[in-house]
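Colleague: Could you take me through one part of this model in some detail? I'd like the local contacts first, and then whatever else helps me place them.

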Amino acid sequence: MRRAIFPGSFDPLTNGHLDIIKRSSPLFDEIIIAVLNNPEKRPMFSVDERCEMIRNILPSAKSDGCTLTVDSFSGLTADFANACRAAAIIRGIRAIGDYEYELRMSLMNRRLQPQIETVFLTAAEEYSFVSSTLMKQVFELGGRVDGLVPPAIIAKMRDKLELG
Ligand code: PNS
């Protein structure tokens, strides 16, 4: 049983995240989308809202026989991966700018849990500039994020904006 976690803030999930999930699905029997509970970051969506949105979107992700589940966690990613008995931590690399930070995280995670490998996947070119932060900023200022964020999540972003 090859299990991996795909950790992140997912505030909110973008098509870039979905692309990484689809690409990594053939490599693992189970992937846990691990949503970080970090209230200090003042997220747009609560951790429960993020988990629910991802659960609703996942059936549309082609999973190639890989079971996709969603869970939240607090504390260290390496410890959560260990508690899940995961063999790997999946991370997406969009551009060279991501590499230095991701390299440092992977080396630290390896130090904390040496038996867990970090697996880097390169994002599709069309999503190489997409981040949750950029999507929120553009959306909040009235820009279009169609094609970059799943429609169901855009609807939730609109609700958030309208309800304040
Ligand atoms: O939303 P992101 O930036 O893609 O996710 C970053 C994340 C959640 C993977 C990273 O911040 C993280 O692992 N946070 C949990 C705390 C932790 O383990 N910190 C040490 C990392 S070496």
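Which backbone oxygen does the side chain of Ser132 reach, and at what distance?

Modeller: The backbone oxygen of Pro12, at 2.7 Å from the side chain of Ser132. That's a polar contact (N or O atoms within 3.5 Å, and within protein a donor and an acceptor, with sequence-adjacent residues counted only side chain to side chain). Bear in mind that this is a predicted model: local features need pLDDT of at least 70, side-chain atom pairs need pLDDT 80 or more, and totals for chains, interfaces and linings use all residues. Residues are numbered from 1 along each chain as its sequence is written, and side-chain values use heavy atoms, leaving out hydrogens and water.

Ser132 belongs to helix α5, residues 132-140 (helices are DSSP H or I runs of at least four residues, strands E runs of at least two, numbered from the N terminus). Ser132 counts as buried because its relative accessibility is 14% (buried is under 20%, exposed over 50%, partly exposed in between, with a 1.4 Å probe and protein chains only). Its contacts beyond four places in sequence are Asp11, Pro12, Thr14 and His17 (heavy atoms within 4.5 Å). By comparison, Ile89 sits 43 residues along the chain from Ser132, and their C-alpha atoms are 20 Å apart.

Now for the partner side. Pro12 is in the loop between β1 and α1, and the peptide bond joining Asp11 to Pro12 is cis, with omega about 0 degrees. Phe10 is in that β1-α1 loop as well, with a phi near 50 degrees, which is positive even though the residue isn't glycine. Phe10 counts as buried because its relative accessibility is 2%. Arg85 has a positive phi too, about 55 degrees, and isn't a glycine either. Arg85 is in the loop between α3 (77-83) and β4 (88-93), and counts as exposed because its relative accessibility is 71%.

On one side of the Pro12 loop is strand β1, residues 3-8, where you'll find Phe6. Phe6 is buried because its relative accessible area comes to 4%. Its contacts outside four places in sequence include His17, Ile20, Ile21, Ile31, Ile90 and Arg91. Ile21 is 15 residues from Phe6 in sequence, at a C-alpha distance of 7.9 Å.

On the other side of the loop is helix α1, residues 15-24, which holds Ser24. Ser24 is buried because its relative accessible area is 0%. Its side chain reaches the backbone oxygen of Ile20 at 2.7 Å. Further along the sequence, Ser24 touches Ile31, Ile90 and Leu121.

Arg91, which came up as a contact of Phe6, leads us to the ligand. A polar side-chain atom of Arg91 is 3.1 Å from a ligand oxygen, while Thr77 puts a polar side-chain atom 2.5 Å from a ligand oxygen. Ser9 joins in through its backbone, with a polar atom 2.9 Å from an oxygen of the ligand. On its own the ligand has 550 Å² of accessible area, and the protein covers 73% of that (Shrake-Rupley, 1.4 Å probe). Among the residues around the ligand are Gly8, Leu36, Tyr101 and Asn109 (a heavy atom within 4 Å). Helix α4, residues 96-112, gives the most to that shell, with 4 residues.
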